[in-house]
Amino acid sequence: MSRVVAPWVRTRLRAAPAAAGALALLVALAACLAGAFPRAVDRYEDAGLRRAFTQAQPTHTTVIVQAPAPDLGLSAGQRATAMRPAALERQYRQILPTVHSPLAVDRAQSVYGIAGGVNPEVPDAFLPRPTGLPARVSLFAPSGLADHARLHAGRMPRADRTVDASTPEVEAAVTAATAKSLRIKVGSVIHVPGAGRPPLAVRITGILDPRDPDGAYWSTVPRMRTPFLVTIPSPGGDPSKYWLGTLLLPQEAAPALLGTAARPFRYWFLAPDPHALHAHDLDRLKSSVAALESGPALRRARAVTDVDTDISTGLDDTLGSFAELRSGIAPLVSVAAAGTGTVVAVVLFMTGGLAADRRRAELALLRARGVSLPALAGRLLAETAGVAVPAGALGLATALLTVPVGRTAYAVAAASAVTVTACAALPLRAALEHRVVRAAADRADVATVRPSRRRTVAELTLLVPAAGAVAALRRRGTTGDQLIALAPVLVGVIAALLLLRLYPLLLRRLTGPAARLRGATGHLSLARAGRARISAVLPLVALLTALTTAAFGGSVLAGVADARNRAALLTVGADARVDSDTPLPTAAPARVRAVNGVRDVAAVSIDYQAKPVDGQDSVSLVGADPSSYGALTARTGLGAFRPAALASRSGHPLPAVASPSVASEYGTRRPFPVRLSDGSTVTVRIALVRDATPAVSGGNFLIVNRAGLPSPADRPAALLLTGDRLDAGALRHAADGSTTVRLLAAERARYADSPLQSGAEHVYTAAVAAGAGFAVLALLLALLRAAPERAALLARLRTMGLTRAEGRRLLILESLPQALLAALGSILTGWATIRLLSPGIDLTTIALSSAQSPLSEAELKPDPWSLTIPALLVVVVTVGVATAQAWWTGRRGSVQELRAGDGR
C-alpha cells in the first residue's frame, strides 16, 4: 500500500484559514500603499511641473530659434527663395531632431515663418493716434495660419503670383482685437515704408479670431493677437503713446519684407509639449535645454539654417523655479515615506514573530524529529509565500488601478519589497528561535527574562545611526541623505526599545501593590501580563513606532495649516476686509453690517504716507474706533489691547499703539508730531507697543483714536469684518462697486493653489493615516493572537465562580498595561521628537511657497490633537476588543473551551 503525503502548504493553510486570511489582508493593504505611493508622488509632481509651465506662459517656455535674413551677398532670387515656405519647412524638419528627449515638441502649437525685426511707422491717417504719434505695425508671415484661426470677416490672405522684394502690394489679415483697436476693416490698405523703393501696400482681406489664443502659436509673441498701446516715458507732462499692431501675411508673401524697412528675420518657434513633461526627468530636461541654448543642439541647428542662428528660451528659468520649490517639499515627503515604510516593516516582522510564537510547540517538535533548519525555513517560506505573493499581486494591481499615472517600475519594486518582507518574517523568526534543538522550551516570561548581550549590542548599534540622523537633521535640515529622513522614526524605535526594558520593571512594581487589593482580578491580570512570553510585547514596538510617526506627521500637517491661517490673518486682518482708495460713504459701514453673516464691523482710516516730522521713513497711521478695533484685536490675537489705551482728551497728544520699530525710533515718553498725506499734522504719544495689528500687515505703524484725527483723515477707507459664510459679491455691492473685498478663506486657499503643495499634503495625510491604521492593526493582531488563551482562561475561571463582569474586567486590565504604556509613551516620544527635530524642519515651502506672504517662517510645533487622538484610539480599541471578547466568550459557554487535551 503506497503512502499518501499531504502537501505541506495546502495542509497548513487549511488548518489555519483565519490566520492565512489575516496575513493576506495585511500584505494586500501594505502592498497597495507601497505601490500607490511612488505613483502618487509622480502624479502630483508632474501636475506641479505642468502648472509651473502654464503659469510661465509661452513667452518664457517656447524654444525660439532665430536666424537673420539671407546674406546680402546672395542674389535677389536666392534671398527670396530662402524665405519661401518650402525652405523654411525643410529647415524646420531638420531642426526638430535637435530637441532631445525628454523634451518633446508640440508640433500642433509650433510655428515657423518670417517676421520683421523692426516695427515701422505707417502714415495712414485712418489709424488712431492717441497723442499724435503715428501707429506702428509688426509684420509676420507665420505657417499654418488657416489652421489656427477662424474667419471673423472677409477671407484668408493669399499670394496669387510669385512675390519678391519688388512686389508693390500684398495681402494680409489681422485679428479681431487688432482690427478693433486700430480701426482696421476688410479692404483697408496700410502702407509700410520701403527700403530704397516705394512703400509696400498691405491690403487687409480678412479679420481673424484665434482658435486657441492662449496657446503657444498665438502667445509666444502676444502682439500677434493683441495690439499694444505703447507708452514712451517723458521727463515732464503726459507721456507719448502709440498703437502697435500686427499684420499677418501669407507665407508665400514673406519675400516682400526684404524690400521694407522691417529688417526681416527667419524664426522657428518650438513649443514644448506639456503632457510629455515629467518631474522625475527634471535633470535631463535641464540638460536638453542647455544643449539647445549653448551646446551640440545649437551647433546642429546652425548647420542646417545659418551660422548666426541663435536659440533662446526661458524654459530653464521655469524648470529652475520648479526644482527649487520641489527641493523644499520633497524632503518632508521622504520623512513621511520613511516613517510609514518603517512602521509597515515593523508590523510585518511583528506578524511573523507572533505567528512563530503561536506555532512554537509545532516547530520545536519538527526540529526534535530531525527537520533541518534550512528545510524548516524553506517550508515556512513556501507556506507564507502561498498567501503573501497573491495578496501582494492583488495589492499592486489595486494600486495601479487607483493611481493610473506614474512610473510602474517603482510601484512594482515597492510592492515587491513588502511581499518579500512578509514572506521572510516568519521563516527568519522561526530559524532564529529554533536554531538549537531543545527537548523543552525555556520559559521566557516578560517580567523575569533578562535581556541578552546580543540584544544590548543590537540596541546600542541602532542608537548610533539614530543619534547621527537627529544631529544631522538639526544641523543641515531635511536636505541630505536618506538617513536624515529616518530620524523621526528612529527616535520612535529607540523609545520603543527603551520602553521594552522598562515594561518588566513596571509590571514587577505594580504586582506587589495589586496583591494587597481586595479581589483577585487586579492581581491576576498583572500576573498574567507578567507571565506572557517576551514575544507578546512585540506589538509594543510596532505601536510606539506607528504612533510616534503619526504624531509627527499630524504635527507637520497642523503646522502647515496654522502657518496658512496665520499668514492669511496677517494679510486680511479679519474674516473679511473691504478696502477703498478713497474714503467710504458715510452709510457704508451700516450697509455692510446688514449683510447676511456679518457680526461686527471695525471701520478704520489708513494713511500709508504719514511721516513723523523729525523722522526719515513713512509710517502707516491707522485711525480706529477703540471699542470695535480693540475687540477685533482680541478676537484675532493680533496685537490685542484694551480700548481704554486709546482714550484721548482734548488738547492732549493722541495715545498711540506702535510697532516695535517705531517705538524704538521715537520712544514711548515724549510726544512727537506726525504729518499726514493731506498736509495736516497730529501729535501722538506711544502708549503701547505691539508686534502686529489687523489693519496693516507688517512694517511701521501707529494706531490712534480716529475721533482725534482732523477731517478728512478721520473718514474710514477700510472695513474689517467678523462673521461666517461671508459673500464677497454682497459685501462689494453693500459698500461700493469700486471697493476691493478680500475674504480670509480665499486668502488662505491662495497659499495652497499649487498641485505640488496640495499633492504633498495629501500624500502626507495618507502616510499619517496609514501609520495610525497600522498601529491599530498591530494591536488587533496581538489581541487576536492571545484570544484563544484568554477564552480558555475565562472558561476555567467561570467554573470557579468568576462572574461575567469580573471576567470583562480581567481581560481589560490584562490588555491595558501595554496599551497604556504605548499611548503614554507615544505622547511623550512624539512631543520629544518634535521638540528635538523642529530646528531642522522648515515648513515654509510646503505651506506658503505659492504666493507672497507676510509670514517669513513656518515652524514645526507639537500639535496636541495629533499627539493625543491616536494614543486614545489605541486605548479605546484595546478596551473595546477586550469587552467584545468577554461578551462573545460568555455567549458561547464554557464547554467548547474546556476540551480535554487542549493545550491553550
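**Close-up 1. Surroundings of helix 22.** The buried residues of helix 22 (728-735) are covered by elements that include strand 12 (576-579), helix 19 (588-593), strand 13 (598-612), strand 19 and strand 20 (740-743), where contact means heavy atoms within 4.5 Å. This is a predicted model, in which local features need pLDDT of at least 70 and side-chain atom pairs count only at pLDDT 80 or more, while totals for chains, interfaces and linings use all residues. Residues are numbered from 1 along each chain as its sequence is written, and side-chain values use heavy atoms, with hydrogens and water left out. Helices (H or I, at least four residues) and strands (E, at least two) are DSSP runs, numbered from the N terminus. The buried residues of helix 22 are A728, L731, A734 and A735, buried meaning under 20% relative accessible area, exposed over 50%, and partly exposed in between (1.4 Å probe, protein chains only). Because these buried residues fall within an arc of 130° when seen down the axis of helix 22, they line one face of the helix; the arc is that of the directions from the helix axis to the C-beta atoms.

**Close-up 2. The loop between strand 19 and helix 22, with its salt bridge to strand 13**. In this loop, R725 has a positive phi of about 50° although it is not a glycine, and R725 is exposed, with a relative accessible area of 81%. D724 forms a salt bridge with R599, their closest N and O atoms being 2.7 Å apart, a salt bridge being a side-chain nitrogen of Lys or Arg within 4 Å of a carboxyl oxygen of Asp or Glu. Since D724 lies in the loop between strand 19 and helix 22 and R599 in strand 13, the pair ties together parts that are 125 residues apart in sequence. D724 counts as partly exposed, at 41% relative accessibility.

**Close-up 3. Further salt bridges.** By the rule given above, the count comes to 20 salt bridges. One of them joins the side chains of R593 and D600 at 3.5 Å, N to O; R593 is partly exposed, with a relative accessible area of 40%, whereas D600 is buried at 18%. Another salt bridge pairs D357 with R360, with the closest N and O atoms 3.1 Å apart; here D357 is buried, with a relative accessible area of 10%, and R360 is partly exposed at 24%. R359, E362 and E383 are linked in a network of salt bridges.

**Close-up 4. Packing of helix 2 and helix 10**. Helix 2 (residues 17-56) and helix 10 (residues 315-358) pack at an angle of about 175°, with their axes 10 Å apart; axes are lines fitted to C-alpha atoms, for helices over the stretch in contact, and angles run from 0 to 180 degrees between N-to-C directions. Helix 2 is therefore roughly antiparallel to helix 10, a term for angles over 145 degrees. The residues of this contact divide into 19 nonpolar, three polar and three charged, where Ala, Val, Leu, Ile, Met, Phe, Trp, Tyr, Cys and Pro count as nonpolar, Asp, Glu, Lys and Arg as charged, and the others, Gly among them, as polar.

**Close-up 5. Backbone geometry in three loops**. Most residues other than glycine have a negative phi, and most peptide bonds are trans. A cis peptide bond joins S101 and P102, with omega about 10°, and P102 is placed in the loop between helix 5 (85-95) and strand 2 (111-116). The peptide bond from S711 to P712 is also cis, with omega near 5°, and P712 is found in the loop between strand 18 (701-705) and strand 19 (718-723). R263, in the loop between strand 9 (240-248) and strand 10 (264-270), has a positive phi of about 50° although it is not a glycine, and R263 counts as exposed at 62% relative accessibility.

Notes: Angles under 35 degrees count as roughly parallel, over 145 as roughly antiparallel, 65 to 115 as roughly perpendicular and the rest as oblique.
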